[in-house]
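Dear colleague,

I am passing on to you the structure shown below, together with an account of what was found in it. I should be grateful if you would read the account alongside the coordinates.

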Amino acid sequence: MSSKTTLILTRHGQTVWHRENRYAGVTDIDLTDVGRAQAADLAVWAGFQKLDGFYSSPVRRARETAAPVAQLIGREPIIIQDLREVDFGIAEGRTMGELKSAHPEMVAAFKKDAALHPFPGSESPTAAAARGAAALRDIAVKNQGKTVLVVAHNTFIRLSLCELLGIPIGTYRNSLPKLDNGTLTRISLTGQPGAPTALLSFNVPLAAELALLKQ
């Protein structure tokens with residue numbers, strides 16, 4: 001029987017676009033001072049953990065979030081291309097309000113079912129969910145019975161969770177409505193096809209975790 005792997009998924013630190021609630025997707029945006037502080041807090045948290053593996057998205061904001069952790073634990077993250085954020089097409093760099101003002105019918109359709117009505121030019125949410133779930137399953141298989149930190153992205157994590165947990169992809173915005181920068185989400189899985197995934201926690205603030213660790 002395969003041993004279950006614990007994956008700790010963290011969303012990268014805040015960027016200028018995320019502070020303004022703009023879709024960043026695959027666009028490289030610098031971390032804000034808040035984002036760099038979140039990355040530093042992640043490193044402090046990691047110092048209390050026994051991490052057997054460490055992975056990151058290739059997108060720069062994720063790698064910059066992972067960098068303080070790497071320095072503290074003395075181990076560089078393994079970069080996996082399939083951990084990248086979704087490409088949002090015409091939504092890149094724009095807020096939902098701006099999109100709604102310019103394309104109200106498009107936004108209404110997207111909100112109703114994001115899988116059936118993705119933004120023009122974007123990666124299919126269904127394809128992104130399958131990509132993300134496959135990447136996380138592969139990490140789990142390669143680290144059976146271990147605990148692994150994965151630095152990734154908001155929509156990537158939510159879509160991957162929908163695929164792993166059997167939640168309809170088109171409802172991800174309502175089923176998993178909020179994932180803040182610098183939070184922790186834990187899942188347990190073997191990575192084997194058809195085997196269930198357990199959601200252990202979701203969107204847990206680092207401050208709450210650090211407060212418990214320092215007691």
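Helices here are DSSP runs of H or I of at least four residues, numbered from the N terminus. Under that convention, Ala67 belongs to helix H3. Please bear in mind that the model is predicted.

Ala67 counts as partly exposed because its relative accessibility is 40%, and partly exposed covers the range between under 20% (buried) and over 50% (exposed). The C-alpha atom of Ala67 is 31 Å from that of Gly121, a residue 54 positions away along the chain.

The helix that carries Ala67 also packs against H2. Two packed helices are described by the angle between their axes and the distance between the axes. For helix H2 (residues 33-46) and helix H3 (residues 60-73), the axes come within 8 Å and cross at roughly 35 degrees. The crossing of H2 and H3 is right-handed. On the H2 side, the residues that meet H3 are Ala39, Ala40, Leu42, Ala43 and Ala46; their counterparts in H3 are Glu64, Thr65, Pro68, Val69, Leu72 and Ile73. Sorted by class, this contact comprises 9 nonpolar, 1 polar and 1 charged residues.

Turning to the interior, the largest nonpolar core has 37 residues, and within it Leu136 and Val150 touch the most other members. At least two residues of this core come from each of strand S1 (5-11), helix H4 (96-102), helix H5 (104-112), helix H6 (125-142), strand S4 (147-152), helix H7 (154-165) and strand S5 (183-189). H6 provides the largest share, with 7 residues. A separate core of 16 residues lies apart from this one and includes Trp45, Ala46, Leu51 and Ala62.

Which residues surround Val150, beyond its neighbours within four places in sequence? Val150 is in contact with Ile8, Leu9, Thr10, Tyr55, Leu83, Leu136 and Ile139.

Finally, Ser57 is found in the loop between strand S2 (53-56) and H3. Ser57 has a relative accessible area of 0% and is therefore buried. Its side chain forms a polar contact of 2.7 Å with the side chain of His153. Setting aside residues up to four places away in sequence, Ser57 touches Ala62, Arg63, Ile79, Ile80, Leu83, Arg84, Val151, Ala152 and His153. Among these residues, Leu83 is also in contact with Val150, and Ala62 is a member of the 16-residue core.

With kind regards

Notes. Residues are numbered from 1 along each chain as its sequence is written. This is a predicted model: local features need pLDDT of at least 70, side-chain atom pairs count only at pLDDT 80 or more; totals for chains, interfaces and linings use all residues. Side-chain values use heavy atoms; hydrogens and water are left out. A nonpolar core is a set of buried Ala, Val, Leu, Ile, Met, Phe, Trp, Tyr and Cys residues joined through side-chain atoms within 4.5 Å. Buried means under 20% relative accessible area, exposed over 50%, partly exposed in between (1.4 Å probe, protein chains only). Contact means heavy atoms within 4.5 Å. Axes are lines fitted to C-alpha atoms, for helices over the stretch in contact, and angles run from 0 to 180 degrees between N-to-C directions. A crossing is left-handed if the near helix is turned anticlockwise from the far one by less than a right angle, and right-handed if clockwise. Ala, Val, Leu, Ile, Met, Phe, Trp, Tyr, Cys and Pro count as nonpolar, Asp, Glu, Lys and Arg as charged, and the others, Gly among them, as polar. A polar contact is a pair of N or O atoms within 3.5 Å; within protein, one must be able to donate a hydrogen and the other to accept it, and residues adjacent in sequence count only if both atoms are side-chain atoms.
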